[in-house]
Amino acid sequence: MPADTVTGTSVPMPPVRSALSEPGWVRILLIGGALLFLALFLLLPLVAVFAEALHRGFDAYWTALTEPDAVAAIELTLIVAAISVPANLLFGVAASWCVAKFDFRGKNLLITLIDLPFSVSPVISGLIYVLLFGLNGLFGTYLRDMGIQIIFAVPGLVLATIFVTFPFVARELIPLMQEQGSDEEEAALVLGASGWQTFWRVTIPNIKWGLLYGVLLCNARAMGEFGAVSVVSGHIRGETNTMPLHVEILYNEYNFVAAFAVASLLAMLALVTLVVKTALEWRFGDELAATRH
Amino acid sequence: MVAAGSGAVAAGRESAVTVRASLPLFRKPSVLPGFGLTLGFTLSYLGFIVLLPLAALILKSSGLGWSGFWAAVTTPRVLAAFQVSFGLSLAAALTNAIFGFLVAWVLVRYDFPGKRLVDALVDLPFALPTAVAGIALSALYAPNGWIGRPLDELFGLKVAFTPLGIAIALTFIGLPFVVRTVQPILQDLPPEEEEAAASLGASRLQAFSGIILPAILPALVTGFALSFARGVGEYGSVIFIAGNMPGLTEILPLLIVIKLEQYDYAGAAAVGTAMLGVSFVMLLILNLLQQWMRSRHAR
Amino acid sequence: MSLRRLTLLAAGLTLAWLGVAAADSKDSLLNVSYDPTREFYVEFNKAFAKAWQAETGHVLTVKQAHGGSGKQARSVIDGLDADVVTLALGYDIDAIADAGLLAKDWQGRLPNNSAPYTSTIVFLVKKGNPKGIKDWNDLVKPGVQVITPNPKTSGGARWNYLAAWAYAMQANGNDEAKAKEFVSRLFKNVPMLDSGARGSTVTFTQRGIGDVLLAWENEAYLSLKEFGADKFEIVTPSLSILAEPPVAVVDKVVDRKGTRKVAEAYLQFLYTREGQEIAARNFYRPRSPELAAQYAGRFADVKLVTIDQFGGWRAAQEKHFSDGGVFDQIFQMGR
């Protein structure tokens, strides 16, 4: 330290770097500490997934992934995401349009309510649908009489997934659209464009990267959700098991290679998500909400 | 999620201003179309997906009556689960506040090979499904796992299926919250004050405690609170590594599941409602924190 | 939010799903079962599907759901569409009957109290039995860690508990206070409670926690088969309990789905020679005297008490496992 202060005061051109930085050994220590922590807490679990999945060889890995129940779980996960992500996309666009483009009373409350699902435990997100649609729930008997199955079937999984991924797109778009203002839309309208034309030709091109970013995060969570779907799924093999639930079942059947094999698919999904997300941030950083770093 | 979190900060700021300006009317006039359509859709969707089901939860637990509700959430087992969930989330959030700050500091202030990769990796816990994190951590820290075995043999330290294991899982999922809240603030910190301090003869340590820490403290506290809030509700990554021992390693969300499995709907709903109430309070505190942050930042 | 709108949305979601699943129009059954029957029913389902196809020409798929027995019963009560339930103990099916999903006299509809196979509770210890565990009284010694699932959610755990209770009653001249104290000491040695038997087996065999696993006999044998007899061994206590895991057709579900015929045939197939043989191969004690004799060498001869000594399952459940029951009391005493 003394060396730094001496140079800082005695040299006429202040050497900004050294005044604002730590001695080399401190730097190395801090970098080393941070990297060690990340390696231990983030990287190692990721490595463990692939190591456990492949430790009986690639054949065992491949067999585990192509086994009918695993395929059914993968299909179901895709179906659930294919319904819930577009639903939340539609909602996100509608919500951000009315929140960002208009001023009305109770807007703050609306924004808080949109955020609400993030602060609810996943287990509660599943529980509420059981209380609503379970046979002993509010609408249980009515639905049974109508022959509609929600809990322990795909609709329940979809509803629970929609709930936990509810805010992703809206939260991404609201700040972005607020920041962009409505000038361009207003100009288009004045020039004679219809509402829909304005939306498709002016708004959408402006928000497309933010939209993609939101959808990406929404999808990652939708495919990976465990707690909420665990409560509403009946855990029927090949029928109501999504990939994360299938991982748990295989894990409980001593079938660790298979459990980690399916888990490795989910881990790859996570990695792809991270790559696309990082690429979006680098490439279109300023077109995403500026509030992000 | 953190990205979205800071987004909400901005949203809150803008709307706070605009709402004040539009008090007399329900809605300020605008040439843009689609207000009725989008607001109507937003409210119906919100109502059906979020509000109605949450109302069902509160309705179910209100069936117990106030005394029944109170009795259901104050049994020793529930109280113990509250203690486990809150205590361990607190420990994990504290760990994250320290190491998350370190990571943010290193990422902002220093250059080293692979920095961008490390930066991207920080978001892994957001992207990795919780069940995958759960089985991976459990395999690592079990007495016969890569980390668990040496810890057990060298120090006799058991991690998996003990409170420590839960704390580790909660640290894993909460880390990005701290890094991603502190990082942008650290980045925007003007160098002038530090330079001035250095030229006045302050040591780096003094500059750190006198200038840097106060500036990023609100962000650090927000990140801490986000990490804490997430930990209390977390289920997937914890259940694989928790021992599920009532009073010792039984977390609140698991207790809800157990109550459901024992046909105790009202009890499950009561604990759920209590947790929901706590979430509300935390959301409120977070909003206050963020307001505090904004006023500090604007200074 | 009107009910109609809700129904519409629900119907929409259902349709979206039906569109995907429409290709599947074969006969199908859902068997909701408890934890350790996974391997048994995989084999049994194949055999039955073959027999069913030979008899009727229909292709049959049997779907399985496994979990702690109490938890599975809860799911069925909540609307899980089980055609048949094959659970760990009678009370869980009673609970489903209480919810009105099947006739209360279900247990008399099939031979042997509707339990086509039986099992018992044994100890699984590490090879060489380092803690020298021979009988129930070794489990309450200080420093012995006992692994068992949670009696509140797992059927096997309730059999474990009752077997320990029966031993304590016998050893203490039927003194309930002493039995309670014994079981309480036993549970003080339990470091964690999984929600199902399978979770506990994983904890003990894979995660290396604990010195002894209280397990279904079939689950213990399966562990030896899976992990090798060089890692674990089975200890049979001086006294155990006759576990009768019952099976039943869920009337309300099969009548709605029109699957009664195949569901009943499925359960009856459990009593056939082939069904009994598959059960025996999977370490369940067969009911058929002929097969019992054939597989006699496989199962240790142990003195077995029955659930009747506890006054039947309803009484046992009420006294020991209900909220505030003996299990809750010892758990609060212990901690």
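Here is a short chat about salt bridges and one chain-to-chain interface in this predicted model.

Student: What should I know about the numbering and the cut-offs?
Tutor: Residues are numbered from 1 along each chain as its sequence is written, while chains are lettered from A and ligands numbered from 1 in the order in which they are written. Local features need pLDDT of at least 70, side-chain atom pairs count only at pLDDT 80 or more, and totals for chains, interfaces and linings use all residues, with side-chain values taken from heavy atoms, leaving out hydrogens and water.

Student: How many salt bridges are there over all chains?
Tutor: Side chains of opposite charge can pair when their charged atoms come close. The rule here asks for a side-chain nitrogen of Lys or Arg within 4 Å of a carboxyl oxygen of Asp or Glu. Over all chains, the count comes to 43.

Student: Is C:Asp78, the salt-bridge partner of C:Arg74, buried or exposed?
Tutor: The two side chains meet at 3.0 Å, N to O. Buried means under 20% relative accessible area, exposed over 50%, and partly exposed in between (1.4 Å probe, protein chains only). C:Arg74 has 5% and counts as buried. With 2%, C:Asp78 is buried.

Student: How many residues apart in sequence are the parts that C:Asp94 and C:Arg314 tie together?
Tutor: This pair forms a salt bridge at 3.8 Å, N to O. Helices (H or I, at least four residues) are DSSP runs, numbered from the N terminus. C:Asp94 lies in helix α4 (residues 90-98) of chain C and C:Arg314 in helix α13 (residues 312-321) of chain C, so the parts they tie together are apart in sequence by 220 residues.

Student: Which helix holds both C:Arg185 and C:Glu181?
Tutor: Their salt bridge has its closest N and O atoms 3.8 Å apart. The two residues are 4 residues apart, about one turn of the helix, and both lie in chain C, residues 176-188, helix α6.

Student: What area is buried between chain B and chain A?
Tutor: Contact, meaning heavy atoms within 4.5 Å, takes in 115 residues from chain B and 108 residues from chain A. Buried area is the accessible area (1.4 Å probe) that two parts lose on being put together, summed over both. Carbon and sulfur atoms give 79% of it, and the area is about 9600 Å².

Student: Which residue of chain B forms a salt bridge with A:Lys277?
Tutor: Across the interface of chain B and chain A, the rule finds 1 salt bridge. The closest N and O atoms are 2.3 Å apart, and the partner of A:Lys277 is B:Asp123.
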